[in-house]
Amino acid sequence: MNAAVTSADAESMGSGYLVEGGRTLWSWLSTRDHKRIGILYAVAITTFFFMGGVAATLIRLNLIYPDGRMLSAETYNKTFTFHGVVMVWFFLIPSIPATLGNFLLPLMIGARDMAFPRLNLFSWYLYMVGGLFTVAALLLGGVDTGWTFYTPYSTMFSNSNVILVVVGVFVVGFSSILTGLNLIVTTHMMRAPGMHWYRLPLFVWAMYATSVVMMLATPVLAMTLSLIGLERLAGVGIFDPALGGDPILFQHFFWFYSHPAVYIMILPAMGVVSELICNGVHRKIFGYKFMAWSMLSIAFIGFLVWGHHMFVAGQSMYAGIVFSILSFVVAVPSAIKVFNWLTTLHKGTIDFHAPMIYALGFIGLFTLGGMTGLFLAAVALDVNLTDTYFVVAHFHYIMVGGSVMAYLGGIHYWWPKVTGRMYSETIARIAAVLMFVGFNLTFFPQYILGYEGMPRRYHQYLPQFQDLNILSSIGACVLAISYLMPLFYLGHSLFRGEAAGPNPWQATGLEWTTSSPPPEHNFHETPVVTHGPYEYCD
Amino acid sequence: MNASVPDAAVQQQFDDAPQQKDAAVLGMWAFIATEVLFFGVLFAAYVVCRFRFPLAFVAGSARLDFPMGTAETAILLTSGCLSAIALRQIQLDKARQSAVLLLVTALLGIAFLVLHGMEYHDEFKEGLIPGIRYLENGPGAHEMELFFSLYYVTTGFHSLHVLIGVVLLLIMAARTWRGTFGAHYHTPIEITGLYWSLVDIVWIFAYPAFYLVGGAG
Ligand SMILES: [Cu+2]
């Protein structure tokens, strides 16, 4: 850029990495810059989020009436399958790691880029190809297996486009494996001088733990889905009881991935929230090492608990007991984190800006979701609650109440860094509060419905459940509005927002020492780190 | 990207060549960890199915071409050894020898694929391929079909990895011949060699699991 650029020009064009790599569409689609790739991901996953959201809206509309008059059973099955597949693999899994993680991790450790920039871009293209397959399956008539693809239904009976979706998820799985690989190698190799492991922000620890899970769990899903595809195509019968194969074996493989996948969704959220809390109360995190190691132990223990999804699938009683105990164990490091966040806040002066409202909302909703997870981890209770709306409410509290709240909190917190602009604080606070209210209104009634015995995955229900279902659908409307609001005020801030300056939150951390938006290679001089991550004057 | 000679291959995000090399090697090890879990699913399924139907697995294994499988094993292990020597030669700055060794490694990989293709062809003639041409019937035929399912999926995915490895080795051989690499810079050869070892190791587990359980019967 030449020095004669006027400030008015700079305002209309952005600055830093937003213009330095070129302004054409192609310069974005061929970029190696981790910041631009993070934005490519953000655009893509936002699109998928609203596609999955449309499916959710259809589900909630259908459930206003007990007779399922809007969607036929078959269409309903396809709708919740699409909702699940899109929200899990095309939104939640890549949400924080591929957007905020991509954008922030090199900045936070003082690196110029990721270790493998080309691989990073390749991961995004894999994501898009996987997305195309999944959308194609929808356009060709959808899939009705549920996001879990349980055999033998998915292999022998379903007449829908299972193979297309399985290929889509297989491909997007490799996108997440390669993102994890990149984040791990970057954290190991690219840290700035003086940035040793216990000086890393907790967000980086969270990304590291998440990446380990991505790399070790996702290949299991990939091979398992390949076997489903091969069984449909070529009659390979590993899950086929007619050949002596075992449908339960599929469940073991699937949950060996899909339970750890829950931690792929929640660990990054924990990392984001740790940053937001420290900044919102302007204090050092309480128990830094406990926070870091609790994330790694969650990642590790998370591999040993998959059987809690199979208490009623015919596994032995002893296996059930062991998986139950291990599931209780994994709650310990999670509880450590909640207590440490609360202790960090204790007697502090809390600044209730929008990111902090999201973070506090996260703590409340995650705690409730985690506690009800313990109900489900107890075999005796789970036998009654399994396959009811109680389970639906539980995992939405973790994934939507937890992960999505943290994701949006992070988007708001780092928005000034990403775009160089401030958003309207008042509207952002209203949206955050509305989201908390709308979320509880949608999903708390589902706990009660499940407790009263309403099963999940049916388009009809008994008339006595109607009141709570209506309440839940009203909540979903509120929630939908609160999700649409940021599109408008964040979008508006791109053009009209005040310039943010390098550090609008008076935050610590290397990402705030460079300009907003950062230059193409992040820092004009490689930073030298001399202290820990949260040196707020307490 | 356009710095002078020793740094020519150092990309902008790295400080120096050793950092870039360590990153590449760590990346390949991490990828290998992923691959172990990828194939691990098949070996786990193998254990479950064989535990359930030990006799069908013995019967199925006896139908495989044991001498051919053994020859393939010898070929693949030899090629693994040669790729290690190729790395040693380039470390000693002997680019021409290294290039030839890499080429021979790739040719052995192709030989492996050809022999395995011949095996598949014979099995097709005998009607042992589930879903495509499976002519066995009578008691135990279904359970044996399970054995062959696992055999084809495992060796099929393995052969795909061999094919990718052959392509990588041919590229490395050509680049080494043209003098791209030397004692100062040979990271791509090193990580290709690492990948080729993964291909070897998967086979070292697959060979006894499929070919050696039917011998005594
Ligand atoms: Cu679980």
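His308(A) is buried, with a relative accessible area of 15%, while His309(A) is partly exposed at 30%. Buried means under 20% relative accessible area, exposed over 50%, and partly exposed in between (1.4 Å probe, protein chains only). The model is predicted: local features need pLDDT of at least 70, side-chain atom pairs count only at pLDDT 80 or more, and totals for chains, interfaces and linings use all residues. Residues are numbered from 1 along each chain as its sequence is written, chains are lettered from A and ligands numbered from 1 in the order in which they are written, and side-chain values use heavy atoms, with hydrogens and water left out.

Both histidines belong to the copper site, where His259(A) (ND1), His308(A) (NE2) and His309(A) (NE2) coordinate the ion at 1.7 to 2.0 Å. Donors are N, O and S atoms within 2.8 Å of the metal (3.2 Å for Na, K and Ca); water is not among the atoms, so sites may look incomplete. The spacing of the donor residues in sequence is H-x48-H-H.

Some backbone angles also stand out. Most residues other than glycine have a negative phi, and most peptide bonds are trans. The table lists the exceptions noted here.

| Place | Angle |
|---|---|
| Thr151(A) to Pro152(A), cis | omega near 0° |
| Ser516(A) to Pro517(A), cis | omega near -10° |
| Asp387(A), positive | phi near 60° |
| Gln506(A), positive | phi near 50° |

Asp387(A) is partly exposed, with a relative accessible area of 46%. Gln506(A) counts as exposed, at 55% relative accessibility.
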